Amino acid sequence: GRTQVYTYHAGLVDIAVPVIHEGQYLATLLCGQMLKTPPDSAGFDQVRGRVSGLVYIDVRKLEQAYWQVPVFSEEDVENCVRVLEAFADYLATSWARVFRLVNEQQQKLRESQLLRKEFAHLALAGNPADGPALMELVRRLGFRRTPNRVFVVQLEQENEFGGGHAPFDLAFTAALNA
């Protein structure tokens, strides 16, 4: 739930910054594989001791790599943490905005679908008394003109369109696309 700067078994320093919004974990930003002090023989001896139980490690290649690891001062690490935390905050805020926009768009889609169903019901009923309500629906749906045609789709029974395996929404969407 908070930034961690730690040294792992190979003696290298890593930084982990969580991306969290309103208590919900979203991701972790990772940075590291660095040393805080210049490499030296004593440091490599410590690393070799820490990985001695790992039989797949080639100690010669490990030593070559150890001497090439970048070195960052404590100040560099703190600066890196600040940048990563700022970026994590930005990502969390951006995620929240996108999440809110997607929810709003889904709500508008559901409302539009309900309005379309209500419009279809009124249009098919053909009751002249429903004229004002029908015109209001035309306006709310954003139609430029009142439709002069109606397309009626009668869906098969659920057990007839795939043995009950296909959900209703899938069959309805397929019918609309057809």
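Author: pLDDT is the predictor's confidence in each residue, on a scale from 0 to 100. This is a predicted model in which local features need pLDDT of at least 70 and side-chain atom pairs count only at pLDDT 80 or more, whereas totals for chains, interfaces and linings use all residues. Residues are numbered from 1 along each chain as its sequence is written, and side-chain values use heavy atoms, with hydrogens and water left out.

Reader: In which element of the protein is confidence lowest?

Author: The mean pLDDT of the protein is 87, and 92% of its residues reach 70 or more. Helices (H or I, at least four residues) and strands (E, at least two) are DSSP runs, numbered from the N terminus. Confidence is highest in strand 2 (residues 13–21), at a mean of 96, and lowest, at 73, in helix 5 (residues 168–177).

Reader: Which strands are the edge strands of the open sheet?

Author: Two strands pair if DSSP finds at least two bridges between them, and strand 1 (residues 4–7) is joined to strand 2 by four bridges. Three strands, in the order 1-2-3 and with antiparallel pairing, form the open sheet. Pairing on one side only marks the edge strands, which are strand 1 and strand 3 (24–34).

Reader: Which residue in the turn of the hairpin has a positive phi?

Author: Strand 1 and strand 2 run antiparallel, and Tyr6 stands opposite Asp14 in strand 2. Five residues lie between the two strands of this hairpin, and the residue in the turn with a positive phi, of about 85°, is Gly11.

Reader: Are helix 1 and helix 2 parallel, antiparallel, perpendicular or oblique to each other?

Author: Helix 1 (residues 41–50) and helix 2 (residues 59–66) pack at about 140°, with axes 11 Å apart, where axes are lines fitted to C-alpha atoms, for helices over the stretch in contact, and angles run from 0 to 180 degrees between N-to-C directions. In contact (heavy atoms within 4.5 Å), Gly43, Phe44, Val47 and Arg48 in helix 1 meet Val59, Leu62, Glu63 and Tyr66 in helix 2. Angles under 35 degrees count as roughly parallel, over 145 as roughly antiparallel, 65 to 115 as roughly perpendicular and the rest as oblique. The relation of helix 1 to helix 2 is therefore oblique.
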